[in-house]
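Here is a quick tour of a two-chain model, starting where the chains meet and then moving on to a helix and a single residue. Have the structure open while you read.

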Amino acid sequence: MNRALSTLGIVAGNELSDSIRSRRVIVMFLLYLAGAMGATALFITFLHSIEGELVKTLGLDAPKDAGSVTATLWKSRPFRDMLTGLIGEKKLAETLLDVPPLALFYGWLSCAFTPMLVMLTASARVSEEIASGSIRYLMFRGGRAPWLLGKFAGQAAQMFIALLLSALGAWVIGWFRMTGYDGWPTAYHMLWFAVKAWLYALPFLGLALGISQLCALPNLALAFGFMSLVAASVLTSLSNWLAGEGWRRIWDLVNVLTPGAHRHALWWNDAEHLLPAIVFLVTLAALYLFAGYARFARRDL
Amino acid sequence: MSSALRFQGVVKNYGRLRALDGLDLDVPQGSIFGLVGSNGAGKTTAMAIALGLLRPGTGTLDILGVGPFTPEQHAGRVALLPQDSQFPPHARIEELLRFYGRLQGVTPEAIAPNISELLNWVHLADRRRSPVRTLSHGMKRRLSIAQAFLGHPDLVLLDEPLNGLDPKEAARVRDLIRERRGRQTIVISSHQLTDIEALCDHVAFIEKGKLVRQDTLDKIVRRSHRVTYHISSGTLPLAQLQAALPDVEWEQHGNRVIAGFPTRYTTEELNTAVLRILLEARVGVLEIRRGSDLESEYLRLAAEPPPLLPPK
């Protein structure tokens with residue numbers, strides 16, 4: 001057991017440092033950062049133009065920077081009532097309206113794009129070691145399971161660093177471009193959303209590494225990774241739509257087995273919603289990872 | 001002598017192709033053991049099965065006396081130099097060896113001296129900070145050899161270790177393997193029979209996934225009752241040789257002539273008679289050695305060529 005844990009830790013550390021050393025992951029980190037910064041800048045520009053239209057309609061002086069109108073609007077009672085009506089769940093609306101708009105945007109952005117970046121970086125990680133044969137230098141030094149879990153842990157840590165970087169990038173853009181910027185609350189909520197996006201991405205990481213164990217060709221693993229991402233998304237929508245009584249209850253099971261079904265709960269901040277979502281997401285990550293492992297444990301290397 | 005590695009009736013199929021067909025093998029502890037066989041004979045498969053990279057079909061395996069390979073029992077005690085495996089290209093030599101060494105169970109205090117020793121061993125000390133992608137094929141091979149000895153494992157399996165090495169480095173690696181005799185069990189698979197002969201004290205011939213013969217090198221080349229004459233020119237005077245030494249069995253493989261003699265002769269008596277006849281027939285003799293050579297024995301077992309003259 002000690003040996004397995006030690007292998008897991010060593011592999012995780014190597015996976016992380018190796019990822020940081022390799023150019024590909026630097027590119028991936030830059031993608032996270034540039035994506036978050038670029039999207040945040042676009043969002044602020046969009047916000048600014050909406051605010052411009054709004055003050056023009058109301059016949060007020062146009063604001064120099066983005067955010068001042070939104071900040072006022074965000075705190076106004078009629079606007080909050082309108083959004084609560086749109087969301088339909090009072091408690092959730094209150095939770096979301098306590099979050100600065102930029103942090104909210106970051107939360108949406110990170111949940112939407114992190115799974116894609118995970119597939120891009122992780123879905124070939126095992127298969128490229130199988131294809132190059134470098135795995136043969138490793139397997140007799142530890143077990144397959146500790147090695148795989150170490151790989152997962154290293155990738156998860158790498159993803160967390162990337163999310164923190166992207167949160168920092170988005171926060172810096174807001175700080176430069178928004179008036180009345182709530183620096184600390186925005187930073188706090190962005191950090192919190194980075195953690196939530198990381199939890200949400202764990203099953204996708206499990207899926208990516210699960211697929212990677214099935215393919216000896218890295219490009220094939222990458223292609224299957226993206227196909228599975230689309231399939232998971234389609235299955236979430238389909239199961240939401242088709243679930244019902246009788247035989248259609250089978251779609252409830254399908255729904256529970258897709259990561260997308262647990263995304264909604266991550267918008268909440270209370271344990272009642274968050275804990276079940278976390279349990280489901282971690283379980284799904286393990287399920288996908290070990291579905292691939294069932295083959296990997298028996299495959300010839 | 002107890003076994004470091006034992007195969008009993010091990011079968012391995014790749015789809016419809018049978019790679020190992022009931023392989024039996026017994027590698028004594030502390031030996032330098034040569035695995036010899038033609039391409040596709042099953043040498044690489046046997047090594048990969050031994051260390052859990054391939055799953056055997058049927059049969060039993062015992063490694064270091066504690067059963068078939070399991071990471072719990074064997075990790076850190078065994079190592080492999082795989083034949084055609086690449087290292088991660090962007091990894092630096094020292095970092096890669098540190099990673100492998102830590103997995104091998106080398107303590108943090110021991111790892112730096114161990115890496116330095118091995119890199120000096122394979123002449124890569126000056127490249128310790130170089131990424132793998134900048135190394136030549138031969139350097140990568142030397143790195144492969146170095147990683148197999150990290151942590152002084154009890155059993156080391158080397159698949160074609162001298163492939164791709166220049167003659168100087170190959171000689172150095174041969175010396176280094178010899179130095180380990182008795183301290184570690186080393187199994188070497190190679191097509192280079194001269195290397196096997198120079199390094200190993202035990203040899204097994206494998207063909208079509210089966211053991212053809214396993215014994216000590218001395219017994220295989222029959223040092224006690226065979227002499228090999230390496231001739232350079234002239235026609236072998238077989239008639240005179242047979243007339244002078246009627247109960248000696250003769251074989252010729254190219255310019256090597258092997259005399260198999262009964263125990264009533266001494267090597268000196270045989271040499272005196274044979275050299276006299278060869279010199280009279282103006283046949284140049286370049287080398288005389290006790291026993292035949294591994295290549296002749298391997299070819300004899302693989303193809304069973306008939307002797308030039310049957311013994312009377």
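How much area is buried between chain B and chain A, and what percentage of it do carbon and sulfur atoms give? Bear in mind that this is a predicted model. The buried area comes to about 2600 Å², with carbon and sulfur atoms giving 56% of it. On the chain B side, the residues that lose the most area to chain A are Leu53(B), Phe99(B) and Leu103(B), which together make up 26% of what that side buries.

In terms of residues, 33 from chain B are in contact with 26 from chain A.

**Polar links across the interface**

The salt bridge count between the two chains is one. It pairs Lys12(B) with Asp300(A), and their closest N and O atoms are 2.6 Å apart. Polar contacts add to the picture, with 16 residue pairs found across the interface, both partners at pLDDT 80 or more.

Which elements of chain B give two or more residues to the side that touches chain A? The table lists them.

| Element of chain B | Residues |
|---|---|
| β1 | 3-14 |
| β5 | 78-81 |
| α3 | 93-104 |
| α5 | 137-148 |

Of these, α3(B) gives the most, with six residues. Sorted by class, the side of chain B that touches chain A has 18 nonpolar, nine polar and six charged residues.

**Helix α4 of chain A**

Now over to chain A, where helix α4 covers residues 77-87. Which of its residues are buried? Phe79(A), Arg80(A), Leu83(A) and Thr84(A) are. Look down the axis of α4(A) and these buried residues fall within an arc of 135°, so they line one face of the helix. Turned away from that buried side is a face carrying the exposed residues Arg77(A), Pro78(A) and Gly85(A). After α4(A) comes Gly88(A), which has a positive phi, near 90°.

**Ile26(A)**

One more stop: Ile26(A) sits in helix α2 of chain A, which spans residues 23-58. Is Ile26(A) buried or exposed? Neither label quite fits, because its relative accessible area is 41%, which makes Ile26(A) partly exposed. Leaving aside residues up to four places away in sequence, Ile26(A) touches Ser19(A), Ile20(A) and Arg21(A). As for how Ile26(A) relates to the exposed face of α4(A), take Pro78(A), one of the exposed residues there. Ile26(A) and Pro78(A) are 52 residues apart along the chain, and their C-alpha atoms are separated by 46 Å.

How values were computed:
Residues are numbered from 1 along each chain as its sequence is written. Chains are lettered from A and ligands numbered from 1 in the order in which they are written. This is a predicted model: local features need pLDDT of at least 70, side-chain atom pairs count only at pLDDT 80 or more; totals for chains, interfaces and linings use all residues. Side-chain values use heavy atoms; hydrogens and water are left out. Contact means heavy atoms within 4.5 Å. Buried area is the accessible area (1.4 Å probe) that two parts lose on being put together, summed over both. A salt bridge is a side-chain nitrogen of Lys or Arg within 4 Å of a carboxyl oxygen of Asp or Glu. A polar contact is a pair of N or O atoms within 3.5 Å; within protein, one must be able to donate a hydrogen and the other to accept it, and residues adjacent in sequence count only if both atoms are side-chain atoms. Helices (H or I, at least four residues) and strands (E, at least two) are DSSP runs, numbered from the N terminus. Ala, Val, Leu, Ile, Met, Phe, Trp, Tyr, Cys and Pro count as nonpolar, Asp, Glu, Lys and Arg as charged, and the others, Gly among them, as polar. Buried means under 20% relative accessible area, exposed over 50%, partly exposed in between (1.4 Å probe, protein chains only). The arc is that of the directions from the helix axis to the C-beta atoms.
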